[in-house]
Every structure is written in structure tokens, then in C-alpha cells.
Amino acid sequence: MAKADFEVPLLKPYAEIPALEPGAMAHSRPFVAKADFQGPLGFPGELVEDWQERAIDKMGELLGKYRSLRVYLDSCVKCGSCTDKCHYYLGTKDPNNMPVGRQDLMRKVYRRYFTLAGRFFPKLVGASDFTREVLDEWYSYFHQCSQCRRCSVFCPYGIDTAEISMAAREIMDSIGVGQKYCNEIIGKVYKIGNNLGLPGPALRDTLEGLEEDVFDDTGVAVRYPIDEEGAEILLVTPSADFFAEPHVDGLIGYGKVFHEAGVSWTLSTHASEAANFGMFIGSYANMRRLAQRIREAAIALKVKRIVFGECGHAWRVAYSFLNTLAGPWDFLDPRYPVPQHICEFTHDLIQQGKLRFDKSQNDDMVLTFHDSCNVARASRMGDRPGGQFEIPRAIIRATCNHFFDMEEETIRERTFCCGGGGGLLTDDLMELRVKGAMPRMQALNNVMKEKGVTHMAAICAICKSQFTKVLPYYGMEMEQIVSVHQLVSNALILTGQDRDEEDEEETSDEAA
Amino acid sequence: MPIDVNGKSLETDEEGYLANINEWEPEVAVVMAKEDDLALTDEHWDIINFLREYYDEYQIAPAVRVLTKAVGKKMGKDKGNSKYLYGLFPYGPAKQACRYAGLPKPTGCV
């Protein structure tokens, strides 16, 4: 692990509201996108000359297009409910990371140019010109919001800071001030098909390797097909699932579940990415262009169903927006939800009794579950309210003997962000990521002490990578984060699987 | 910020990755490792060379599992895991080893 050149927060037994340290994170700003990364997304390469005027025009356009944005900017009554709800405030102590503080960075500009009082008496209503200093402040603090929407759960008016930070990023992109991490990645999807830039041959090589590994482990020929026309299901999954650990262990699990279900499925090189960073930068045009790739792949491969792998914000885009972004989906099989989450798929099979598990395969772990923000607060699973909380937990309980939840105020709809969501999972924001992870690390640390939890499962590629990176800063091990379908993979008994040793263990269990 | 390698000044990006992969030479890895207070051993070079060969063929760094499997095959199963790689490259095999090898930084949710 890299040495920290900042203070890593201490983990405490109870959540504390820290004393304010104004400007504590004013220095934090991600790398700015160069012209090469801006162009393919349709943004100016660098700060345009008449940037102030164009930014105000853009803000006017967004206020007209998104009524919600105007309501959010108008309706705050400064009640204070949100102030201690943001993980970045709790971890950094910077008042601009209080949701209301962050909103006010845009609100003061909005008031100056779009309200009567602000136009004539700016000082009386806290309105401010859109100066270079304000723009710099925007760049810094709107890249300290992971758009997790925890604050909106507590706001009596339902003000959604995520939408405000998306609008701010869209305005900045439109005047040539983009963030390198997000915009370079979106360009890679356009050029190659996924965030990582994995070309088809590399994907095929990786998948062949997985087939070999699973065969070596189980003696069963589980396939990991790609670009197979006529398959029933198209699996769209984050490209980190091919590349990183523990993500790939989840991908192995999806393949085993499809195998046991006896359905044909395929990945696609064209749509080899579930993530949609267009949402993070608030760009509808880019979000739509990214989502269209899934439609194109589904048509080209003549699939009947679409299933999404473990990716938090992808599931928000898929569950909430896919129909308007890339529909209509009338060519898919109407008997299944469009799209379906891999957890829904696996859970259905478990309920039908079609999967057999040997839970003891996960006995080296005591699990807890991290609800990923976009799944928890911006989507659903199954056919009942709260399915997005219950279904992943039901899968863990079906595959593991030992499971304990973290403190109630840190899970389900009140879950804390991992600290790396919303386009902030980049090394140039490491201080922010480590500090922002504090509330989650604290809850994990407590459940480890109280219940002996050893591992935390998640269903989001960003969460998994973020925890792999930040756990060591808190004295924990990077291996403590696992994929939910990794647990499925460990416990699932494939038909015809070699399991001599396991059989013996099971027999001895029964004898005991 | 450019780095000086054998009297030449080579351009790098904000995060220290070589701007032009074709300018790579073994000394690049040595210079970068020195800045990180790391002395390169044969074990490091095995990884760096594998990364470059893989990149030549696929235009991308290998997935972690592809890398650990190749290392395991070549150097023994006990070394075919991330722990061994992190032992060699504390900043992470994908990010630190790729940088030394002159490869672009893997981007995305990794």
C-alpha cells in the first residue's frame, strides 16, 4: 500500500459529528481532462473565452429542462437535517461537504442570475457572480460528491444533491472544464467498447482462461461465451469484472449460475461495459450514446433477455432509465423484466430450488453486506419494495452459514457510500476516498469486533475496487471485500462436479 | 513531468506514466523504481517483461487473473496470487508495474 501523506481518520465505536474545519479539502481537485479527452464527448477542449456567459446560459438551459433542479435550488429552508449525513463531511470536516454547503455553491450563482432578489440585491440573498474563484470552488467540491443521495433521504424537501452536482459537472464540461478520469473513460467506451479499453482479443483470452480455471476446479466445462449470436441472454457487466479482483470471482459465479440454469448466454465485445459514466457527468447525450451500445448489441446478437452484472450505478441507469435511453425493448421476451439484475436471476433460481449449495465452502468467512448507494437508493430488485436490500441478503444467506448486518443506520436506504462512487474512483482523489470511506469503515470495524465478521460482500465494481484500495489504510486487509456471486460460485454445486473431498466433509458433518 | 533516462528527457502524464510507449527502454523502469525507493530484482523484471509481451499482443495490460496465472505457471503456484504481486509492487501490480513497463494506466472501476 502507498503511504498516506494525509491523516487517516480514526475509527470510533460510535458515529461522531466532527467540529467544522472550513477549507479542509479546498486543495482537493482531480486532474482536468485534456482536449483529447473532451473532444469525443462533444465538449470544448479547454476553458472557452466567454465561459462565464456560456455557463450561465447552460444553467438556464438545465433549469428549463430539469424542473427538479429549479425546485431543489429554490426550496432549501436551511433546516440542517442534511448537515451530518454526507460521508465526505464526516470524514473531512469541511463544511462545503455538508450537502447544504455543496448545494449553496450552485445556489448562490443561481440566485444571482435567475432570481429577482439576487439580480437587484445580491448581498442580501447570498447571491454571487460566477467568478473564476467560484468556478474553481465548483470544480473542487462538485468532485467531492459521489452522488450517493444519502442526504436526500433525510431532507424534508427531498432535495437531491446528486442532481445538483451532475448539473454542475455538465455546466463545467460545456465550458471546457472536464474531469480527466470520467471523460477519458467515456471516450474509451466509444473507441473500444469498455471503460478499461479491453479489445475483443483480450476479452476472449481472459474468458478462455476462466473456462480453464473453472474446469480445473470443478471438472465441469462451464462456458464464458462472447459475441455468440442467438444466445438467449445478453450479460452486460462492468469491465472490471474481466480485469480486477474480487470482481472476476463474481463473473465466474454468474457463468456457473447460467450453466446450472441451462440457459444460453453471451457477453458482447460491443457492449462490454455496464458502467455508464455519462450519468456521473450529468450528460444526457453521453449517457444515451453509451446506453445505445447495449441496444445495438442486443439486436446484433438476437438475444431475448438482458441481464446486468454487479455494478451499482449501471443498475440505476438500467433499472430507471434504460427504456427511455435505449428502448423500446419490444423485441425482447416480454415474460422477463427488461433488464434483469443477476441477483434477481440467481434469487429466482434459488426460490425455485434449482440451485444446490454447499454452504460450508464459505465457512472460512463471516459475512456482512455493503448496500451500494445506487442500488439502494435509486433502483429496486424483484417485485416487492425493498427487494434491492432483501434479494442480495437472501443470496448470501443461501450460500453462507455466517452473516451479520452492520449497524442499521449505515445500511439499506441509509447506507454509506464506499467513498469512491460518482466518478471519484481515481488515484488523484485518494485523500478524499480514504476520508470519505470512514463511516463505512467504522461500521465494518464495529461489526468485526462485535460479531466476528471477517468479510464484506458487495454488488458494485466501484465499491469493490474502492474497498480493495482503502481497507489497508484502516489497518484491514484488501481481501476482506468479496463479490456476492463469488460466494455463490464457492458454494454452488454444479451438476457432475468433482467433489470427493467435499463429499467426505459433508458425510462427516452429518455423522456429527 | 518529464523523466531523465540515459540523457534523454521523456514525457510523462500527470500520474507519471510514459506519454509514448515506444520511448520505453529498460532504464525507464530503473529510473521510476528509484523514485519509489524500490530496487528492481529479477522477480520484478519477470513481471515487467510479461506485461510488455502481453501488451504487444493485446494492446492492453493483462487482467489480474491472467497475470497471476502466468506467474503461477512460470514461478510456482505459491507465487500465482495477488499477494505475491503486491509484495513486489506495493502500489499494485496493475498500476505500479504497468507504469514501470511503460504501459498506459488501466482506467475504469479498478
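In strand S3 (residues 305–308) of chain A, A:Arg305 and A:Val307 point one way while A:Ile306 and A:Phe308 point the other, and all are buried. Buried here means that 20 or more other C-beta atoms, placed from the backbone, lie within 10 Å of the residue's own C-beta; 12 or fewer makes a residue exposed, and anything in between partly exposed. Strands (E, at least two residues) and helices (H or I, at least four) are DSSP runs numbered from the N terminus.

This is a predicted model, in which local features need pLDDT of at least 70, side-chain atom pairs count only at pLDDT 80 or more, and totals for chains, interfaces and linings use all residues. Residues are numbered from 1 along each chain as its sequence is written, and chains are lettered from A and ligands numbered from 1 in the order in which they are written.

**Strand pairing**

Two strands count as paired if DSSP finds at least two bridges between them. The pairings of S3(A) and S6(A) are listed below.

| Strands | Sense | Bridges | Citation |
|---|---|---|---|
| S1(A), residues 233–236, and S3(A) | parallel | 4 | |
| S3(A) and S4(A), residues 340–341 | parallel | 2 | |
| S5(A), residues 367–369, and S6(A) | parallel | 3 | |
| S6(A) and S7(A), residues 481–483 | parallel | 3 | |

**Around S3**

A:Phe308 of S3(A) is the bridge partner of A:Val236, and A:Phe308 also stands opposite A:His341 in S4(A). From S3(A) the chain passes through helix H15 (residues 312–326) to S4(A) in a right-handed β-α-β crossover. Right-handed means that, with the strands pointing away from the viewer, the path from the first strand over the helix to the second runs clockwise.

**Around S6**

Strand S6 (residues 455–458) of chain A has A:His455 and A:Ala457 pointing one way and A:Met456 and A:Ala458 the other, and all are buried. A:His455 is the bridge partner of A:Leu367, whereas A:Ala457 stands opposite A:Val482 in S7(A). S6(A), helix H21 (residues 461–470) and S7(A) form a right-handed β-α-β unit.

**The chain as a whole**

Chain A contains 23 helices and 7 strands. Of its 512 residues, 53% count as buried. The C-alpha trace spans about 80 × 55 × 40 Å along its principal axes. The radius of gyration of chain A is 23 Å, which agrees with the value near 24 Å for a compact globule with 512 residues; this radius is taken over C-alpha atoms, and the globule rule is 2.2 Å times the number of residues to the power 0.38. Among contacts with a separation of 6 or more, 80% come from residues 24 or more positions apart, a contact being two C-beta atoms, placed from the backbone, within 7 Å.
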